[in-house]
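Grab a pencil and get ready to poke around a protein chain. Each exercise sets a task, and a worked solution follows it.

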Amino acid sequence: MTIHLERRIAGGEYETVDTIEMTGEGDTWTYTFQELPVRSENGLRYQYRVREEEVEGYTVEYDGYSITNVHVVVTPTPEITPLPTPTNVGPKPERAVGMKFQDGEWIWIDDMGVPLGVVAVTGDDDDLTAVLVGMALFLAGACGLIFTIVGKGKRKKA
């Protein structure tokens, strides 16, 4: 890592007066700049600071003359292609607020994300349609799901 020693006279701009390349092992590296003048030729007091060149994947924190590098972990955002929401559905449960795709099928969910049953996809024509409907039951404080299979429709004659 590259460290710059900078100084200024009160109210002035910082200027780089020394640059070092640091290498080391472990979590703590140290270096001491020595024999630094305290005052300018005009007798004005110098202010010193250290600055680090940016290290990719890290943010830097300064505390006086101490430098701490914090590793920044970037979690990639997966590219998600939304599934088309079915529009040809049967009746929805009373508490349903939406649908989600889970285990290869659409299910009704309530406002807490609790599954209420499988969405009944009814089809677009008169072909035989099997409907699987789920209903939530609350009995003696326990929640369970009941599933009913309903066969409906007629076959077209050729």
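The exercises below go from the whole chain down to single residues.

Before starting, note that this is a predicted model: local features need pLDDT of at least 70, side-chain atom pairs count only at pLDDT 80 or more, and totals for chains, interfaces and linings use all residues. Residues are numbered from 1 along each chain as its sequence is written, and side-chain values use heavy atoms, with hydrogens and water left out.

**Exercise 1: the overall picture**

Work out which elements the chain has, and how much of the chain is buried.

Step 1. Start with the elements, which are DSSP runs numbered from the N terminus (helices are H or I with at least four residues, strands are E with at least two). The chain has 10 strands and 0 helices.

Step 2. Now burial. Buried means under 20% relative accessible area, exposed means over 50%, and partly exposed is in between (1.4 Å probe, protein chains only). Of the 158 residues in the chain, 19% are buried.

Step 3. Look at the surface, with areas from the Shrake-Rupley method and a 1.4 Å probe, where for residues only the protein chains shown count as cover. The chain has an accessible surface of about 12600 Å², and carbon and sulfur atoms hold 52% of that.

Step 4. Finish with contacts, meaning heavy atoms within 4.5 Å. Take the contacts with a separation of 6 or more: 30% of them are between residues 24 or more positions apart.

**Exercise 2: hunting salt bridges**

Find how many salt bridges the structure has, and say where the partners sit.

Step 1. Set the rule: a side-chain nitrogen of Lys or Arg has to be within 4 Å of a carboxyl oxygen of Asp or Glu. Searching the whole structure gives 3 salt bridges.

Step 2. Take Arg49 and Glu6, whose closest N and O atoms are 2.6 Å apart. This pair ties together distant parts of the chain, as Arg49 is in strand β3 (residues 46–52) and Glu6 is in strand β1 (residues 2–9), 43 residues apart. Arg49 is partly exposed at 26% relative accessibility, while Glu6 is buried at 12%.

Step 3. Go on to Arg7 and Glu15, where the closest N and O atoms are 4.0 Å apart. Arg7 counts as buried, at 17% relative accessibility, and Glu15 is partly exposed at 46%.

Step 4. Then there's Arg95 with Asp110, at 3.1 Å from N to O. Here too distant parts of the chain are linked: Arg95 is in the loop between β5 (66–71) and β6 (98–102), and Asp110 is in the loop between β7 (105–109) and β8 (115–118), 15 residues apart. Asp110 is buried, with a relative accessible area of 7%, but Arg95 is partly exposed at 38%.

**Exercise 3: a three-strand sheet**

Explain why β6 and β8 each have one side without a neighbour in the sheet.

Step 1. Get the strand order. The sheet is open, with 3 strands in the order β6-β7-β8 and antiparallel pairing. (Strands pair if DSSP finds at least two bridges between them.)

Step 2. Check the ends. β6 and β8 are at the edges with a single partner strand each, so one side of each has no neighbour in the sheet.

Step 3. Add some detail. From β6 to β7 there are 5 bridges, and Phe101 has Trp106 in β7 as its bridge partner.

**Exercise 4: the β4 and β5 hairpin**

Trace how β4 and β5 are joined, then see what Glu61 touches.

Step 1. Count the bridges: 6 of them join the antiparallel β4 and β5. One bridge partnership is Asp63 with Ser66 in β5.

Step 2. Inspect the turn. The hairpin has 2 residues between its strands, and Gly64 takes a positive phi near 65° there.

Step 3. Find Glu61 in strand β4 (residues 58–63). Glu61 is partly exposed, at 45% relative accessibility. Setting aside neighbours within four places in sequence, Glu61 contacts Ser66, Ile67, Thr68 and Val70.

**Exercise 5: positive phi outside glycine**

Describe the settings of Glu35 and Asp103, residues with positive phi that aren't glycine.

Step 1. Glu35 has a phi of about 55°. Glu35 sits in the loop between β2 (15–21) and β3, and is exposed at 80% relative accessibility.

Step 2. Asp103 has a phi near 50°. Asp103 belongs to the loop between β6 and β7, and counts as exposed at 72% relative accessibility.
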